[in-house]
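Trainee: Got a minute to walk me through this fold? I'd like to start with the helices.

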Amino acid sequence: MERTFLMIKPDAVQRNLIGEVVSRLERKGLKLVAAKLFQANEELAKEHYAEHVEKPFYNKLVSFITSGPVFAMVVEGKNVVEVTRTIVGETNPTKAAPGTIRGDYGIDLGRNIIHGSDSNESAAREISLWFDESELNDYILNDEKWVY
Ligand code: RTP
Ligand code: MG
């Protein structure tokens, strides 16, 4: 089963949307493997968004992500990277479809509620960046046999 890294961003934590977002993931049939409320330091945020280091919005992005706690998660499921990118919606909330997390809760490109890994390679990199192996929970979810 594949895993991905999801992070509820500081805007959504401040807006009390953690429960809303986690609820959508649970109801979809995805399995929570790890989760923590956590304020990232600059080093971690820079490493996380390293692919954007040359972009004009990089510094703003890093300072936003470190501005308050985020809710970091590892989620497991079949095709989970693709499934969660679809649930999350397009990067720009003005374009994200209603019914997606960004489409339902966001307005501004810089305040787009949640991050989700964009490939299995990114997921593996980001999971090891944000979590220790010991924080990942291996367990059987009873619902799983009804999801698949
Ligand atoms: P994320 O990495 O946060 O899940 O978002 P994403 O894959 O949908 O989009 P990505 O291209 O990786 O961009 C990372 C974050 O940077 C901000 N951004 N600002 N033109 C801009 O000002 C701009 N473009 C992107 C967004 O907050 C985006 O989530
Ligand atoms: Mg991205």
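Mentor: Terms first: helices (H or I, at least four residues) and strands (E, at least two) are DSSP runs, numbered from the N terminus. This is a predicted model, where local features need pLDDT of at least 70, side-chain atom pairs count only at pLDDT 80 or more, and totals for chains, interfaces and linings use all residues. Residues are numbered from 1 along each chain as its sequence is written, chains are lettered from A and ligands numbered from 1 in the order in which they are written, and side-chain values use heavy atoms, with hydrogens and water left out.

Trainee: OK. What phi does Gly89 take, just after α5?

Mentor: A positive one, about 95 degrees.

Trainee: And which residues of α5 are buried?

Mentor: α5 spans residues 80-88, and its buried residues are Val80, Val81, Thr84, Ile87 and Val88. Seen down the helix axis, they fall within an arc of 130 degrees, so they line one face of α5. That arc is taken from the directions from the helix axis to the C-beta atoms. Buried means under 20% relative accessible area, exposed over 50%, partly exposed in between (1.4 Å probe, protein chains only).

Trainee: What sits on the other side of α5?

Mentor: Glu82 and Thr86, both exposed.

Trainee: What do the buried residues of α5 pack against?

Mentor: β1 (2-8), α2 (18-28), β3 (70-77), α6 (101-105), β4 (114-116) and α7 (120-130). Contact here means heavy atoms within 4.5 Å.

Trainee: Switch to the sheet. What is the strand order?

Mentor: β2-β3-β1-β4, an open sheet of 4 strands with antiparallel pairing. The edge strands are β2 and β4, each pairing on one side only. Two strands pair if DSSP finds at least two bridges between them.

Trainee: How many bridges do β1 and β3 pair over?

Mentor: 7, in the antiparallel sense. Thr4 stands opposite Val75 in β3.

Trainee: And how many join β1 to β4?

Mentor: 3 bridges, again with the strands running antiparallel. Met7 stands opposite His115 in β4, and Ile8 stands opposite Ile114. α5 packs on this sheet, touching β1, β3 and β4, and its direction makes about 30 degrees with that of β1. Axes are lines fitted to C-alpha atoms, for helices over the stretch in contact, and angles run from 0 to 180 degrees between N-to-C directions.

Trainee: How many residues of β1 are buried?

Mentor: 5 of its 7, so call the strand mostly covered.

Trainee: Now the core. Which residues have the most contacts inside the largest one?

Mentor: Phe5, Met7, Ile65, Val74, Trp130, Phe131 and Leu136, in a nonpolar core of 20 residues. α4 gives the most to this core, with 5 residues. Apart from it lies another core, of 19 residues, among them Val22, Val75, Ile113 and Ile114. A nonpolar core is a set of buried Ala, Val, Leu, Ile, Met, Phe, Trp, Tyr and Cys residues joined through side-chain atoms within 4.5 Å.

Trainee: What does Val74 touch?

Mentor: Not counting residues up to four places away in sequence, its contacts include Leu32, Val33, Ile127, Phe131 and Leu136.

Trainee: Last one, α7. Which residues are buried there?

Mentor: Ser122, Ala123, Glu126, Ile127 and Trp130. They cover an arc of only 125 degrees around the axis, which puts them on the same side of α7. The face turned away from that buried side carries the exposed residues Glu121 and Ser128. Cover for the buried residues of α7 includes β1, β2, α3, β3, α5 and β4.
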